[in-house]
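Trainee: I'm new to this one, so please slow down for me. Pick a part, look at it closely, and then show me how it connects to what lies around it.

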Amino acid sequence: VASLHPTGFLIPVLIIFLIIMYILHQKDPPNFPPGPPALPFLGNIFNIEAKQPHLYLTKLADVYGSVFCIRLGRHKTVFVSGWKMVKEAIVTQADSFVDRPYSPMATRIYSGNSAGLFFSNGQVWRRQRRFAMATLRSFGLAKGSVEQSICEESRHLQEAMERQRGEPFDPVPLLNNAVANIICQIVFGRRFDYADHIFQSMLHHLTEMAYLEGSIWALQLYDSFPSLMKHLPGPHNRIFSSSTSLQAFIWREIQRHKLDLDPSNPRDYIDSFLIEERHGNSQLGFEDRNLVLCCLDLFLAGSETTSKTLQWGLIFLIRNPRVQEKVQTEIDRTIGRSRQPTMADRANLPYTDAVIHEIQRMGNIVPLNGLRMTTRDTTLGGYFLPKGTSVMPNLTSVLFDKNEWETPETFNPEHFLDAGGRFVKREAFLPFSAGRRACLGEGLARMELLLFFVCLCQKFHFSTLDGAELSTEGIVGATRTPYPFKIYARVR
């Protein structure tokens, strides 16, 4: 009798078993954060607006509160919104939210156990982070050599813009070149000519990775359905091909360093790492494979974000000509047009400093943040989060928090000035995140932004094509990128 065949009986039982297991897996613990209804197996993957996900997620906080849950495939992610609650999570309860969760995409890029600076956890992460910060200080931030390198690179950038001879051009490649050369000098001990083919290929792959890692293909599809996505064609595959190309480039640089390494005289980050590796500290991540990944993280974090900020800076200067005029007047009065700026000038450039901070706020370069994971059972906003819960701080919701900013949706440098025109810090200014996982290159980025920005405003007046309206919307990946635009840079 066909109907009594064991297969005909087992298939519906298996389906029922899978549905029950899914329901049990999806069942929230008591007092878990609320969130929108989710589809079985798929979760909220079709709810999230692909082009501007940070805006959709920010609006959800108005419905579900400052702590809510989204399901991507089988995985739950708790989003934290607004300055008050984000501060509670990543500053006040920093130790409870310090780890990174498992990511199939990151595991494929970082080949399992070696996890670089961004995705590592525990003792390896703490040691590698301390080492990277100490190396940054050693090769410039303390001695001032990086400041000198930025000023020299500013001259190369100015010359490249002057060669446009007042014609409209795309400033993005030139800004990418200049910013990337600073991290090249710290990591590799040398800069590259802007026309260098290998250098340009490296920058192309960096840009590709920075966009795709934060796109729907990575965050919503690959990490939610890795077993399926790794066999399918699509843009997500370019994340891995770009990563492979970048790692091959870095590996060649490491081999070059090994040929003439002087343990008594390290020249850069790679030399310092190789010397530490010779001491036999592989259990703390000091081995060749992890050196490649740490260099990759330094480039992704140290070039993309700063370059994007300068790109947004040009857009906001052009959209606000009176702001551009006031910045240049302050620079002319304080420094003049011939002397190169120094970090010591910052105290005498309060308006310019305020403008740079407002560019960072409105530019919103990293709209969300890196995923965190609770290291223990904890409570946030009155909700229970079990150990191992994935948590995403929403930096957009902080930089545009209507309870913290007088005119959150408007470009307004006055946010960072007191009544007397003096620069004031704002607690809710979090473009570099905060707490244990705050950007380790924050000091370097602040130096680059001030010196590059002042050098550009000192030399050029920026405008765009007649009748053109430069968009402030942006293309969102891991970073937020301006739509393609062209400018005039006319020597003042």
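Mentor: Asn31 counts as partly exposed, at 47% relative accessibility. That label covers the range between buried, under 20% relative accessible area, and exposed, over 50%, using a 1.4 Å probe and protein chains only. Before we go on, a word on the source: this is a predicted model, where local features need pLDDT of at least 70 and side-chain atom pairs count only at pLDDT 80 or more, while totals for chains, interfaces and linings use all residues. Residues are numbered from 1 along each chain as its sequence is written, and side-chain values use heavy atoms, leaving out hydrogens and water.

Back to Asn31: you'll find it in the loop between α1 (6-26) and α2. Helices here are DSSP runs of H or I with at least four residues, strands are runs of E with at least two, and both are numbered from the N terminus. The phi of Asn31 is near 60 degrees, a positive value in a residue other than glycine. Most residues other than glycine have a negative phi. Ser433 has a positive phi too, near 65 degrees, and it sits in the loop between α16 (395-399) and α17. Ser433 counts as buried, though, at 8% relative accessibility.

Now follow the chain from the loop of Asn31 into α2. Helix α2 (residues 53-64) packs on a sheet, touching β1 and β2, and its direction makes about 125 degrees with that of β1. Touching, or contact, means heavy atoms within 4.5 Å. The angle is taken between N-to-C directions, from 0 to 180 degrees, with axes as lines fitted to C-alpha atoms, for helices over the stretch in contact.

The sheet itself is open, with 4 strands in the order β1-β2-β6-β3 and mixed pairing. Two strands pair if DSSP finds at least two bridges between them. At the edges stand β1 and β3 (372-373), each with a single partner strand, so one side of each has no neighbour in the sheet. At one edge, β3 pairs with β6 (residues 390-393) in the antiparallel sense over 2 bridges, and Arg372 stands opposite Val391 in β6. At the other edge, β1 and β2 (residues 75-80) are antiparallel as well, over 6 bridges. Phe68 has Phe79 of β2 as its bridge partner. The hairpin of these two strands has 2 residues between them, and Gly73 there takes a positive phi near 65 degrees.

Let's stay with β1 (residues 67-72) a moment. Side chains in a regular strand alternate between the two faces of the sheet. In β1 both faces are covered: Val67, Cys69 and Arg71 are buried on one side, and Phe68, Ile70 and Leu72 on the other. With 6 of its 6 residues buried, β1 is largely enclosed by the rest of the structure. Cys69 has a relative accessible area of 1%.

Cys457, in α17, is buried at 1% relative accessibility too. Its nearest cysteine sulfur, that of Cys455, is 9.7 Å away, and Cys457 is in no disulfide. A disulfide is counted here when two cysteine sulfur atoms lie within 2.5 Å, and that rule gives 0 disulfides.

Since we've reached α17 (residues 442-459), look at its helix partners. α13 (residues 288-319) packs against it at an angle of about 35 degrees, with axes 10 Å apart. The crossing is right-handed, meaning the near helix is turned clockwise from the far one by less than a right angle; anticlockwise would be left-handed. Gly302, Thr306 and Leu310 are among the α13 residues at this contact, and Phe452 and Cys457 among those of α17. By class, the contact has 7 nonpolar, 3 polar and 1 charged. Ala, Val, Leu, Ile, Met, Phe, Trp, Tyr, Cys and Pro count as nonpolar, Asp, Glu, Lys and Arg as charged, and the others, Gly among them, as polar.

The axis of α6 (residues 145-162) also comes within 10 Å of that of α17, crossing at roughly 40 degrees, again right-handed. Ile150, Cys151 and Leu157 are among the α6 residues that take part, with Phe452 and Cys455 among those from α17. This contact has 11 nonpolar, 2 polar and 5 charged residues.

One last stop is Arg346, in the loop between α14 (321-334) and α15 (350-363). Arg346 touches Asp353, Arg446 and Leu450, leaving aside residues up to four places away in sequence. Arg346 is partly exposed at 21% relative accessibility.
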